[in-house]
Amino acid sequence: MGKKITIVDFKNAKKKDKKLTVLTAYDYPTAKIMDEAGVDAILVGDSLGMVVLGYEDTTKVTMNDMVHHIKAVTRGAKRALVIGDMPFLSYHTGKYESVKNAGRLVSEGGCTAVKLEGGAAVIEDIKAIISAGIPVMGHLGYTPQSIHVFGGHKAQGKDLDTAKRILEDALLLQSAGVFSIVLECVPYKLAGYISSRLDIPTISIGSGAECDGQVLVYHDIVGLIREFSPKHAKIYTDMGTGLFETVKQYIAEVENGIFPTKENSYKIDEQILEQLRSGRECE
Ligand code: KIV
């Protein structure tokens, strides 16, 4: 295990032109494998709501859901920076609640940093959380918790007004002290321009190769959501099909008496069995 990655390493990576790698995870074994494979950071995203809990969007995810899954991930990740996502409405009802909720993710969940969506509208919350000693990652462009405001999953920043707002928000977040910003579904040339205007690293999800790093949802790189694969993702291993075929084979083997074999079963001394049988005959 190498040295634990910190937010300072994140900032230095940009200076050294080293691309940052981030993946989402929601449980212990996945986090452990990603950590051992050498990913820079693991985001316990509120995408949890869709890919693990089966909700339609992220708005039903609670603080308790996040704490529960962050705990599992931090048990598995020894080297990667673990970032916990602040769920819907956990940082919109006043600075006190924002700091308290961010603090729960760190003290109960065990993550090092938190991520939250939005720019100017949540800047006071971001400043308060950072003042409490908790590193914050920003998230601009398409921000999934505002799905109903956007009217669906849509790329953001295609016209001058929204492009300008994303750039201004990015500069504002940087001056507030965030250590990095996720840019989601922003046109890649705009994302590249914003990245060139910032000293802190930008992490793309659907915002192209000109950002300083990439993040993808774990289920999207292994094809676990079989009915849908987002345009920005790439399936590296089709575990969805693999799991489907595995389950089919298991069912067939159990039904046909192929599994389990003696090798999968425990033995008992024949004498003990004999004693048991003869005892029963005496009853
Ligand atoms: O919740 C999540 O997984 C995220 C990523 C899409 C960046 O916020």
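**Close-up views of a predicted model**

**View 1. Thr30 sits in helix 2, which covers residues 28-37.** Helices here are DSSP runs of H or I with at least four residues, strands are runs of E with at least two, and both are numbered from the N terminus. Before going on, note that this is a predicted model: local features need pLDDT of at least 70, side-chain atom pairs count only at pLDDT 80 or more, and totals for chains, interfaces and linings use all residues. Residues are numbered from 1 along each chain as its sequence is written, and side-chain values use heavy atoms, with hydrogens and water left out. Thr30 is buried because its relative accessible area is 11%; buried means under 20%, exposed over 50%, and partly exposed in between, with a 1.4 Å probe and protein chains only. The side chains of Thr30 and Asp27 are joined by a polar contact of 2.6 Å. Such a contact is a pair of N or O atoms within 3.5 Å; within protein, one must be able to donate a hydrogen and the other to accept it, and residues adjacent in sequence count only if both atoms are side-chain atoms. Setting aside neighbours within four places in sequence, Thr30 touches Ala25 and Tyr218, where contact means heavy atoms within 4.5 Å. Val73 is 43 residues from Thr30 in sequence, yet their C-alpha atoms are 7.9 Å apart in space.

**View 2. Here is the ligand with the residues around it.** The surrounding residues include Thr24, Leu43, Gly45, Lys115, His139 and Glu184; to be listed, a residue needs a heavy atom within 4 Å of the ligand. Look for the ligand's oxygen atoms: one is 2.5 Å from a side-chain N or O atom of Ser47. For Asp46, the distance from a side-chain N or O atom to a ligand oxygen is 3.0 Å, and a polar side-chain atom of Asp85 lies 3.1 Å from a ligand oxygen. On its own the ligand has 260 Å² of accessible area, and the protein covers 96% of that. These areas come from the Shrake-Rupley method with a 1.4 Å probe; for residues, only the protein chains shown count as cover.

**View 3. Ser180 belongs to strand 6.** With a relative accessible area of 0%, Ser180 is buried. A polar atom of the Ser180 side chain is 3.1 Å from the backbone oxygen of Pro201. Beyond neighbours within four places in sequence, the contacts of Ser180 include Phe10, Val136, Met137 and Ile203.

**View 4. Two loop residues have positive phi: Leu89 and Cys185.** Leu89 lies between strand 3 (81-85) and helix 5 (95-109), and its phi is near 65°. Cys185 follows strand 6 (180-184) in the loop that leads to helix 9 (188-197), with phi near 50°. Leu89 counts as partly exposed at 47% relative accessibility, whereas Cys185 is buried at 12%.

**View 5. A nonpolar surface patch of about 530 Å² brings in Ile251 and Phe259.** The other members are Leu243, Val247, Tyr250 and Val254. Patch residues have over 30% relative accessible area and no salt bridge; like charges are joined within 9 Å, and nonpolar side chains (Val, Leu, Ile, Met, Phe, Trp, Tyr) within 5 Å. A salt bridge is a side-chain nitrogen of Lys or Arg within 4 Å of a carboxyl oxygen of Asp or Glu. Ile251 is in helix 11 (residues 239-255) and is partly exposed at 39%. Phe259 is joined to Pro260 by a cis peptide bond, with omega about 0°. Pro260 is in the loop between helix 11 and helix 12 (270-282).
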